[in-house]
Amino acid sequence: MKNHSLAVDIGASSGRVIAGALEKDRLELVEVHRFENKLIEKNGHFCWDIEALFSEIKKGIKNCNAMGIKPLSIGIDTWAVDFVLLDENDELLTDAVAYRDPRTDGIMEEVTEIFMKERLYLETGIQFQKFNTIYQLYALKKQNPEVLEKAKTFLMIPDYLHFLLTGEKSNEYTNATSTQLINAFTKNWDKDIINTLGFNFDMFQEIKMPKETLGTLREELVSEFGFDMPVILPATHDTGSAVLSVPQVDDTIYISSGTWSLIGVENYFPICVIKALDYNFTNEGGMDYQFRFLKNIMGLWMIQEVKRNYDNRYSFAELVEKSKEVTEKTAIVNVDDQRFLKPANMIEEIQQYCRETNQKVPEHPGEIAKCVFESLVVSYKKAISEIEDIFEKEFHSISVIGGGSQNELLNQLIADATKKEVFAGPVEATAIGNLVVQFIAHGAIKDIKEARHIISQSFEVKKYVHSMVEK
Ligand SMILES: Nc1ncnc2c1ncn2[C@@H]1O[C@H](COP(=O)(O)OP(=O)(O)O)[C@@H](O)[C@H]1O
Ligand SMILES: C[C@H](O)[C@H](O)[C@@H](O)C(=O)COP(=O)(O)O
Ligand SMILES: [Mg+2]
């Protein structure tokens with residue numbers, strides 16, 4: 001029997017349970033379970049169906065028995081910033097409210113009146129996104145102060161799912177940095193910010209690092225699954241796991257391409273200078289205390305919503321094919337305009353934007369899709385020039401990882417627009433990054449350098465060059 005570990009990767013649009021095993025110097029994946037993730041409306045807010053997600057995780061674990069897989073360990077990663085609060089009996093005090101919920105409208109402005117923006121950035125190095133945990137907590141303090149008063153435990157989404165598995169409570173570092181409450185230099189909760197904003201410092205848990213063992217399964221789960229296994233913490237922020245799968249990081253800008261496009265570079269120190277603040281880059285924490293110097297771009301969320309607006313009549317592949325049939329130039333929208341964060345209807349929002357900016361309004365699915373893809377590339381190109389400005393150097397290649405790396409048209413558009421080599425893949429970068437951290441903890445892989453070597457030999461990576469260049 002092979003030595004498998006289990007990665008649970010839950011992004012904003014889908015979740016998957018993937019078993020991984022090392023076969024000589026190759027990493028082999030077995031998809032054990034895949035499930036949809038989506039926002040639900042609950043108690044007047046957009047939320048994640050956290051109970052349903054945990055039930056899907058348990059389904060995936062149970063599927064291992066039928067597949068003859070007895071996992072050595074498991075680790076869960078999800079999207080960032082969102083959290084739950086527990087009371088003194090470890091019972092849920094809150095729903096898992098989603099970052100796209102409007103409860104934080106106007107809150108960032110209020111907080112930066114109390115705590116100067118420049119100082120917040122100097123201490124945390126985290127980008128200003130209206131949905132950061134800091135603003136969600138401040139919204140809760142304003143809208144439901146009694147909830148915050150009762151809260152004894154703060155757990156981010158993967159922390160909570162790990163708690164459901166093991167009964168152990170902690171905050172994993174890479175995801176905790178996305179709260180904008182972790183000091184980029186002490187790598188711990190920033191008392192100054194937390195106390196100034198009036199949050200209960202004691203509800204934040206001990207910071208734990210990727211590779212640490214959190215604990216083993218609750219007794220009732222061991223009986224339910226028929227086996228026990230330890231939870232080994234991956235980078236529980238999915239992007240923190242994804243970027244570990246970039247086969248070649250030197251001189252490379254990565255785009256973790258899923259619901260969001262996270263564009264950035266691997267770095268060894270926080271860059272909290274005013275220029276990085278003005279460009280709104282972030283310094284999220286990475287494995288081994290590295291930094292993910294990146295920024296959020298609206299990403300393929302936009303095509304996910306277009307697909308939904310067409311009642312899922314077209315697959316992603318079909319929307320890409322339809323966009324290839326459009327020969328004339330399409331309108332360009334500013335994908336990072338907050339109007340696209342959670343519009344009632346993405347197609348109508350895109351069309352309205354084009355009317356307001358006196359551009360030809362895209363009408364057909366192919367035109368809409370091409371407008372999304374071409375507009376994303378405009379934003380990617382701007383972010384790349386900002387990165388090169390800050391690092392005062394030219395990066396020669398771009399690594400596109402995640403589900404979006406399957407979009408061949410987008411990959412080619414990126415190569416054409418930037419005139420850089422684009423390497424696309426692996427698709428399941430996040431799960432792979434999750435797994436290799438578990439293997440490093442097991443001692444089966446020495447370090448991330450060796451992991452990247454194994455990844456580069458195990459998964460297809462397609463190369464794209466400027467279409468005017470001989471291939
Ligand atoms: N066959 C495909 N062709 C083109 N794009 C695809 C294909 N399959 C998936 N995608 C893109 O990948 C995205 C999902 O990427 P994924 O990394 O799974 O997202 P997340 O982790 O945020 O749920 C989809 O929104 C879609 O745009
Ligand atoms: C809200 C956060 O910025 C978001 O979670 C981002 O950091 C991220 O990790 C997105 O991952 P997806 O797989 O959902 O694109
Ligand atoms: Mg993802």
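**Exercises on a predicted model**

Phe154 lies in strand 8, which covers residues 153–156, and the structure that holds this residue is a predicted model.

**Exercise 1.** Decide whether Phe154 is buried or exposed, and state how far its C-alpha atom lies from that of Lys295.

*Solution.* Begin with the count of neighbours: 26 other C-beta atoms lie within 10 Å of Phe154. A residue is called buried when 20 or more such atoms lie within that distance, and Phe154 is therefore buried. Turn next to the pair: Phe154 and Lys295 are 141 residues apart along the chain, and their C-alpha atoms are separated by 25 Å.

**Exercise 2.** Work out the order of the strands in the open sheet of seven strands, find which strands form its edges, and describe how strand 15 is joined to strand 16.

*Solution.* Reading across the sheet, the order is 15-16-14-13-17-18-19, and the pairing is mixed. The edges are strand 15 (282–285) and strand 19 (462–464), since each of these pairs on one side only. Between neighbouring strands of this sheet the average turn is 30 degrees, with direction ignored. At one edge, strand 15 runs antiparallel to strand 16 (residues 291–297), and four bridges join the two. Within this pairing, Glu284 has Arg292 of strand 16 as its bridge partner.

**Exercise 3.** Describe the residues around ligand 1, stating which come nearest, which classes they belong to and which domains supply them.

*Solution.* Start with the residues themselves: there are 17 around ligand 1, and Gly11, Ser13, Gly258, Thr259 and Gly403 come nearest. Helix 12 (301–309) and helix 13 (316–324) are the elements that give two or more residues to this shell, and helix 13 supplies the largest share, three residues. Sorted by class, the shell holds six nonpolar and eleven polar residues, while no charged residue belongs to it. Finally, domain 1 (4–236) and domain 2 (239–471) each contribute at least three residues to the shell.

**Exercise 4.** Identify the residues with the most contacts inside the largest nonpolar core, name the helix that gives the most to this core, and explain why the core lies between two domains.

*Solution.* The largest nonpolar core has 137 residues, and those with the most contacts inside it are Met302, Val372, Tyr380, Ile414 and Val436. Helix 15, which spans residues 365–391, gives the most to this core, with eleven residues. The last step concerns its place: because domain 1 (4–236) and domain 2 (239–471) both give residues to this core, the core lies between them.

Note on methods: Residues numbered from 1 in each chain as written. Chains lettered and ligands numbered in written order. Predicted model: local features only at pLDDT ≥ 70, side-chain atom pairs only at ≥ 80, totals over all residues. Pairing = 2+ DSSP bridges. Axes fitted to C-alpha atoms, helices over the stretch in contact; angles between N-to-C directions. Near = placed C-beta within 6 Å. Nonpolar A, V, L, I, M, F, W, Y, C, P; charged D, E, K, R; others polar. Domains from an automatic or database assignment. Core = buried A, V, L, I, M, F, W, Y, C linked by C-beta atoms within 7 Å. Buried ≥ 20, exposed ≤ 12 C-beta atoms within 10 Å, placed from the backbone.
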